[in-house]
Amino acid sequence: MRKKLSLFDIFGKIGYTVGMDKSIIERLTRLTEEEQEILAGQALRRGDYTLSDKFIVNEKKLLGEGKQLDLRLHTRFVDFPEHGHDYMEFMYVYAGSVTHVIDGKRIPLACGDILFLNRHIRHSVLKAGQEDIGINFIVSNDFLKQVFRNVRNDPIMSGFLMRNFEQDGEGEYLYFSTADCFPVRNLTDNLIYALAKHTPDDSAILTQIVSLLFSYLSYYRETLRSGLRVTSPDTRLKQAVSAYISERYPSATLTELAEILGYSAEYLSRRIAGLFGKTFRELLSDERLDEAARLLKETNLSAAQIVEAVGYENCSHFYRTFRERYGMTPRSYRRGK
């Protein structure tokens, strides 16, 4: 008869990257109060997760006030019913296996695998045993916006994040088989360690770890096993417009975009206004101002250099538009006043 491994035996074999101390392992593996109730025959406590009859897991319920990123042990010993989220979540299987069901399809995650779920998708999770350790990372939209600045040119994760931010986007998931990818495993274990030892001063470190994790997943793109995105024509057009503006905002024009998409400029202008509730010019201005604000905070470029970098030809127009948007001059914004 094969010897049954304890959880400490299991983690002793896989906790090789950051040298997880015993207190973290105990936190990851101990039975939660909810799990103890489930083992005693009680039902899943939906009220701990949602404010909605449609079972939409609520970010504030899980993160609480003041947090933008946290981890949570996946609830075991019960089939977790179909639900959605109002935030992006990703699961890392630290030990054992965990099986998700999305659109009727089973997605079995092995130890080391990662599954990303955007805030528009619904899924369920089959019952996991005590040795099946799935770590859910709850990621607020505000935190993701900080990460997006670092991965906006990432060929895989940038599009996933952009579609997650959409108000009426389509459900999407990305499944990465990373059990044998040491750099990704190492980063994920470091993220667990950083969150377990988190202090208020660690937000910049967490942003960098998650940004690097996303970049590595794209670098090791062969680990992407499957994904799902259901897109309508309207969604595809919105994605194309958003991607074009994001990539080419310094020199973007409606005429060029219309030529790329094969529409007349007049038709595309009407479609953009209907889909976004803003004109092409307004969307472009938003993108340029967002980038200008970032450069003011993160670089020593002069205002004149920033005006040129983001595509404004007229300094007076930039200053006027910036002040209308942020209620202060670029100099005051940079100084934080």
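This passage walks through the salt bridges and the cysteines of the structure. The model is a predicted one, and residue numbers count from 1 along the chain as its sequence is written.

Salt bridges come up first. Searching the whole structure turns up 16 salt bridges, and a few of them are worth a look one by one. Take Lys67 and Asp70, whose side chains meet with N and O 2.9 Å apart. The two partners sit in rather unlike surroundings. Lys67 has a relative accessibility of 40%, so it counts as partly exposed. Asp70 comes in at 11%, and because buried means under 20%, this residue goes down as buried.

Another pair to look at is Asp286 with Arg325, where the closest N and O atoms are 3.7 Å apart. This salt bridge links distant parts of the chain: Asp286 belongs to helix α12 (residues 280-298), Arg325 belongs to helix α14 (residues 315-326), and their positions lie 39 residues apart in the numbering. Asp286 is partly exposed, at 22% relative accessibility. Arg325 is partly exposed too, with a relative accessible area of 36%.

Helix α12 also holds a salt bridge of its own. Arg294 and Glu298 are both in this helix, four residues apart, which is about one turn of the helix. Their closest N and O atoms are 3.0 Å apart, and the two form a salt bridge. Glu298, for its part, is partly exposed, with 49% relative accessibility. The pair doesn't stand alone, either: Arg294 and Glu298 belong to a network of salt bridges that also takes in Arg152, Glu287 and Glu291.

Now for the cysteines. A disulfide is a covalent bond between the sulfur atoms of two cysteines. As it turns out, the structure holds zero disulfides. Cys111 shows how this plays out at one site: the nearest cysteine sulfur belongs to Cys181 and is 14 Å away. A disulfide calls for two cysteine sulfur atoms within 2.5 Å, so Cys111 is in no disulfide. As for how much of the surface these side chains share in, Cys111 is partly exposed at 21% relative accessibility. Cys315 is likewise partly exposed, with a value of 38%.

Technical notes. This is a predicted model: local features need pLDDT of at least 70, side-chain atom pairs count only at pLDDT 80 or more; totals for chains, interfaces and linings use all residues. Side-chain values use heavy atoms; hydrogens and water are left out. A salt bridge is a side-chain nitrogen of Lys or Arg within 4 Å of a carboxyl oxygen of Asp or Glu. Buried means under 20% relative accessible area, exposed over 50%, partly exposed in between (1.4 Å probe, protein chains only). Helices (H or I, at least four residues) and strands (E, at least two) are DSSP runs, numbered from the N terminus.
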